[in-house]
Amino acid sequence: MKKNILIILFLFINISFADDVVKTIEKLNHSAKDLKNLTADIEYIHSQPLFDTQTIRTGKISYTKDVNSGALRINFQTLKQDDSKQQKYKEDYIFDGMKLTRIDYQGKSAITEQYSTDKQIEPLELVQDYFPIIGLSNPQEITQEYDAAINGNTLKLTPKEGSKFYNTYKQIEVTIDSKLNLPVNFKASTTENEEIIIKLSRIDTSNTIKKEVFEISIPADFVHTQK
């Protein structure tokens, strides 16, 4: 009898957690569908415990979407390495739904990777190949790629075997802003035993973003590689 009660309790707890995950993802999905514009400050922390090093980049992230297309830009503006002072640093990632262009102003180089020539891809899907920014694009796909659990306002995601992220991440924690119903912090442990933390702050989803923000201008003296 006691064993049966424990089994029932265990099942009840698991069902409750599963329901919480589903509800959280449904809320994320609703917010992601309605998301037309987003700007925020971004802080990107990359730690390599094996080498006892840490790099912190800060800058801006901008995203816009209409019925025909979308675009996303991450513009890093500062860099801090370990105990050194923060310095000016410029690096751009521009996702336009067809391609990604990364511009390294320090190295005077640019790389463009073509993902599609005829069909628009959601930029928030493309960005996941470079940064663990999960939950802003089609959150319902989360359960296809990850085993998910919820702890307060944090989704804990473990890539499923066979997932496209299985060989990249061990686990990703996504913290959700309860007012915006949008993910604002991302903490990823990689398969190479590194840690990546991304923090979004001063988030604005109400103001329209000018198209000029996403226009690409590569200086003539930069080496430009296309893939």
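In the predicted model, tyrosine 44 is buried, with a relative accessible area of 9%. Phenylalanine 76 is likewise buried, at a relative accessible area of 2%. Both values fall under the 20% cut-off, so both residues count as buried.

The ring of phenylalanine 76 pairs with that of tyrosine 93. This contact is edge-to-face. The centres are 6.4 Å apart, and the planes meet at 90°. The pair links distant parts of the chain. Phenylalanine 76 belongs to strand S3, whereas tyrosine 93 belongs to strand S4 (residues 87-95). The two residues are 17 apart in sequence. Tyrosine 93 is also buried, with a relative accessible area of 11%.

Aromatic pairing was then searched across the whole structure, and 10 pairs were found. Tyrosine 44 and phenylalanine 76 form one of them. Their geometry is tilted, with 6.0 Å from centre to centre and 50° between the planes. An angle of 50° is not over 60°, so the pair is not classed as edge-to-face. Tyrosine 44 lies in strand S1 (residues 37-48) and phenylalanine 76 in strand S3 (residues 70-81), so this pair ties together parts that are 32 residues apart in sequence.

Ring pairs also build a cluster. Its members are Tyr44, Phe76, Tyr93, Phe95, Tyr130 and Phe131. Phe76 pairs with Tyr44 and with Tyr93.

A contact between a charge and a ring was found as well. The charged end of lysine 90 sits over the ring of tyrosine 105. The distance to the ring centre is 4.3 Å.

Methods: Residues are numbered from 1 along each chain as its sequence is written. This is a predicted model: local features need pLDDT of at least 70, side-chain atom pairs count only at pLDDT 80 or more; totals for chains, interfaces and linings use all residues. Side-chain values use heavy atoms; hydrogens and water are left out. Rings of Phe, Tyr and Trp (its six-membered ring) pair if their centres lie within 6.5 Å; planes under 30 degrees apart count as stacked, over 60 as edge-to-face and the rest as tilted. Helices (H or I, at least four residues) and strands (E, at least two) are DSSP runs, numbered from the N terminus. Buried means under 20% relative accessible area, exposed over 50%, partly exposed in between (1.4 Å probe, protein chains only). A charge sits over a ring if NZ of Lys or CZ of Arg is within 6 Å of the ring centre and within 35 degrees of the ring normal.
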